[in-house]
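Got the viewer open and a selection box ready? Let's take a walk through this chain, one stop after another.

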Amino acid sequence: MREKVRRIFADAIQRAVALGELPPEASSREFAVDTPRNPEHGDFAVNAAMILARLAGKPPREVADLILRHLADDEGLFASTEVAGPGFVNVRLDPAYFIRELRRVEEEGERFGCVDVGKGERVLVEYVSANPTGPMHVGHGRGAVTGDALARILSAAGYDVTREYYVNDAGGQVTALARSVWIRAREIYRETHPDAVFAEGPTELGEDDYKGEYIKDVARVVMAGWGEKETEEILSGPFEPHRDRIAREAVRVVLREMIEPDLEKLGIRFDSWFFESSLHESKAVERAIEDLERRGFVTAKVLPPPKGFERDESEAEDRPQLVFLSTQFGDDADRPLRKADGSYTYFAGDVAYHWNKLQRGYSRLINVWGADHGGYVPRVKAAIQAMGRPADALEVILVQMVNLLKDGQPVKMGKRSGNFIRLRWLLDEVGPDAVRVFFLMRRHDAMLDFDVDLAREQSRDNPVFYVQYGHARCASILRKAVEAGLPRPGYRPEHAKYLTMPEELELAKRILAFPEIVAGAAKAREPHRIVFFVQELTALFQHYYEVGKRQGEKVISDDLEKSAARLYLIACMKRVFANALGLLGVSAPERMERAEEEGE
RNA sequence: GGGCCCUUAGCUCAGUUGGAUAGAGCGUCGGACUACGAAUCCGAAGGUCGCAGGUUCGAAUCCUGCAGGGCCCGCCA
């Protein structure tokens, strides 16, 4: 619709150029066709005249008149056009046109809202990627929901999306996990075998080990997979020979028992689980580094010791190490690829991982990370550039911290509470729909207060309710119509004759704006726009309903034609609610469950 | 000390990527139900868009500086 308007104006400018009334450059200048917030300014405001004023050497309003003279509205779209303010051209469309456009909602059904701004571009969205060393916390949850909604929106917007979870199952933390599990397994084993003798290995958890209670649960599940003799052999020590096996099994248990169930509850599915360990096993890390080396971005040099580590000078000089020259791409330090002990750094794995993503043919990479990883972005972008791709082939969405509130107070003082509280607790507490709505109703780059009490409340204050309410109410009215014996609503051209209330026109416009909202949310990578759209549409709907009631203009009345038209409008709206909620991954209920009144 | 993010009504937040008179919810005040869902709606009050410059026809939006808050600054992952 907007594009039609744009084309009509572009054609007019073209004609003016052909007649020499505007300079040739005028035809290539971009102009905006936006919807004014003030309804008096019509349906669309075109700023072309103001953009071209300087070029034409004439005042904007004069240019506007000139453009208007060449306007050719063949379809009869425009009800009126006028020059206003500093030089806007305000365009009002024929109201019936909007009503007729509602036909698209029925035709496109669950695809209504899909657009093609992505043009089939292959994009890999990497999100969650919580370490497989423990349960997900609330902070992970926000990233998970944001990434998932973004993936849904990008798909709807015509991108070819792959959702991927990067499992960090290599490196020191996994060793720590294995050791922690092993030590806990020994404790558990001794409970039933008091006489067991453990010859070698640590018996106490070390500084870097995982001390959470959940490690015992992991240990129990891992042990359950072992035979009696095997158990004895593994636990008697030493630890090292069994390290990799325990690590592998523990990671699998954590994924299966602590991470996948939470994702499942949230309705999040991945197309692909990518294991960091596979990059090491397949020598992809070596190959990626060699590739960078060939391009001249890797060198051996001596780095200053990391903070908190002491090292004497002589030792340092003996130890030049492999370093990626990320400063050449604007990073503030060159980044080591190998540690002092010769093993690869996490970053080396990540270089290989992103190299691999590009090799797989993704021209656009979107990573959803916690804001605390912000400092890590420049070096990965540097790696992307070193591989010969533009820096913005990688977009990193940094999701800000979550602050849990209960009784109006932060759940934990000091650090952000979201990084301590388990996601599963929150899911059990308020349910997946509430979790998703709360995580999606704020811009991802702003901190979020999650009021647990509010999310559970059954009131208008709870945004979850309002987000779902519109859909439920449409459903309710349509049920009523069925009870009244009315036929299933469908599109008919005559509807335009009956849907003449200003509120009905507003609703139709809003419904038809949905595809543009999706396009905007996709382009800006901002899922929260969908939430606001749903809330606004619901508010318009409520308004319509109340006004109708007051004026005796109900949806279902004795006037069958009018009822049919209004029910069609309601059906379109229900479809849009359902599609929008689908993009958010929030359920679209047919009815709101209402808690029993007290004193019943 | 350096980098990234945030700062809009009393509170929580939007603001269509630079458009016309900056919006919504909550809260406050005042209204509307013998019900197509009142879990709702209508109206009012409430603003130096953190501060100061700059860019231009035009700035909450872009550029610079400053202030306040958050996150980060490892041969951890």
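Before the tour sets off, one definition: a helix axis here is a line fitted to the C-alpha atoms over the stretch in contact, and angles run from 0 to 180 degrees between N-to-C directions. Keep in mind, too, that you're looking at a predicted model.

**Stop 1: two crossing helices**

Select residues 138–156, which make up helix H6, and then 432–440, helix H17. Their axes come within 9 Å and cross at roughly 80 degrees. Angles of 65 to 115 degrees count as roughly perpendicular, so that's the word for H6 and H17. Now show the side chains where they touch. From H17, pick Arg 436, Phe 439 and Leu 440. On the H6 side, the residues that meet them include Val 138, Arg 142, Val 145 and Asp 148. Sorted by class, this contact holds 5 nonpolar, 2 polar and 4 charged residues.

**Stop 2: another crossing pair**

Next, select 172–192 for helix H7 and 214–224 for helix H8. What angle do H7 and H8 pack at? About 75 degrees, with the axes 8 Å apart. H7 and H8 are therefore roughly perpendicular to each other as well. Among the H7 residues in the contact are Leu 177, Val 181, Ile 188 and Tyr 189. H8 brings Ile 215, Val 218 and Met 223, among others. The class count for this contact is 9 nonpolar, 1 polar and 4 charged.

**Stop 3: an open sheet**

Time for some strands. Look for an open sheet of 4 strands, ordered S1-S2-S4-S3, with antiparallel pairing. Its edges are S1 (33–34) and S3 (78–84), each of which pairs on one side only. Select S4 (residues 88–93) alongside S3, and you'll find 6 bridges joining the two in the antiparallel sense. To see a single bridge, pick Thr 81 and its partner in S4, Val 91. Now add residues 60–70: that's helix H3, which packs on the sheet and touches S3 and S4. The direction of H3 makes about 155 degrees with that of S3.

**Stop 4: zoom out to the domains**

Colour chain A by domain: domain 1 covers 2–93, domain 2 covers 174–250 and domain 3 covers 463–584. Measuring between centres taken over C-alpha atoms, domain 1 and domain 3 are 32 Å apart.

**Stop 5: a loop residue with no exposure**

Click on Leu 102, in the loop between helix H4 (95–101) and helix H5 (103–108). Is Leu 102 buried or exposed? Leu 102 counts as buried, because its relative accessibility is 0%. Setting aside residues up to four places away in sequence, Leu 102 touches Ala 508, Ile 511, Leu 512, Tyr 568, Leu 569 and Cys 572. For a distance to try, pick Ala 64, 38 residues away along the chain: its C-alpha atom is 31 Å from that of Leu 102.

**Stop 6: a covered helix**

Select 377–386, helix H15, which is mostly covered, with 7 of its 10 residues buried. Among the buried ones are Val 377, Arg 379, Val 380 and Ile 384. What covers the buried residues of H15? The cover includes helices H12 (284–294) and H14 (346–359), plus strands S9 (321–324), S10 (335–336), S11 (364–370) and S12 (394–399). After H15 comes Gly 388, with a positive phi near 90 degrees.

**Stop 7: covered strands and their partners**

Move to residues 122–126, strand S5, where 4 of the 5 residues are buried. S5 runs parallel to strand S6 (residues 160–167), and 5 bridges join them. Arg 122 stands opposite Asp 160 in S6.

For the last selection, take strand S13 (residues 402–406), which is largely enclosed by the rest of the structure because 4 of its 5 residues are buried. S13 pairs with strand S15 (residues 448–451) in the parallel sense, over 4 bridges, and Asn 403 has Asp 449 as its bridge partner in S15. S13 also pairs with strand S14 (residues 409–410), this time in the antiparallel sense over 2 bridges. There, the partner of Lys 406 is Gln 409. The hairpin of S13 and S14 has 2 residues between the strands, and Asp 407 takes a positive phi near 55 degrees.

Note on methods. Residues numbered from 1 in each chain as written. Chains lettered and ligands numbered in written order. Predicted model: local features only at pLDDT ≥ 70, side-chain atom pairs only at ≥ 80, totals over all residues. Heavy atoms only, no water. Parallel < 35°, antiparallel > 145°, perpendicular 65-115°, else oblique. Contact = heavy atoms within 4.5 Å. Nonpolar A, V, L, I, M, F, W, Y, C, P; charged D, E, K, R; others polar. Pairing = 2+ DSSP bridges. Domains from an automatic or database assignment. Buried < 20%, exposed > 50% of the residue type's maximum accessible area, 1.4 Å probe, protein only.
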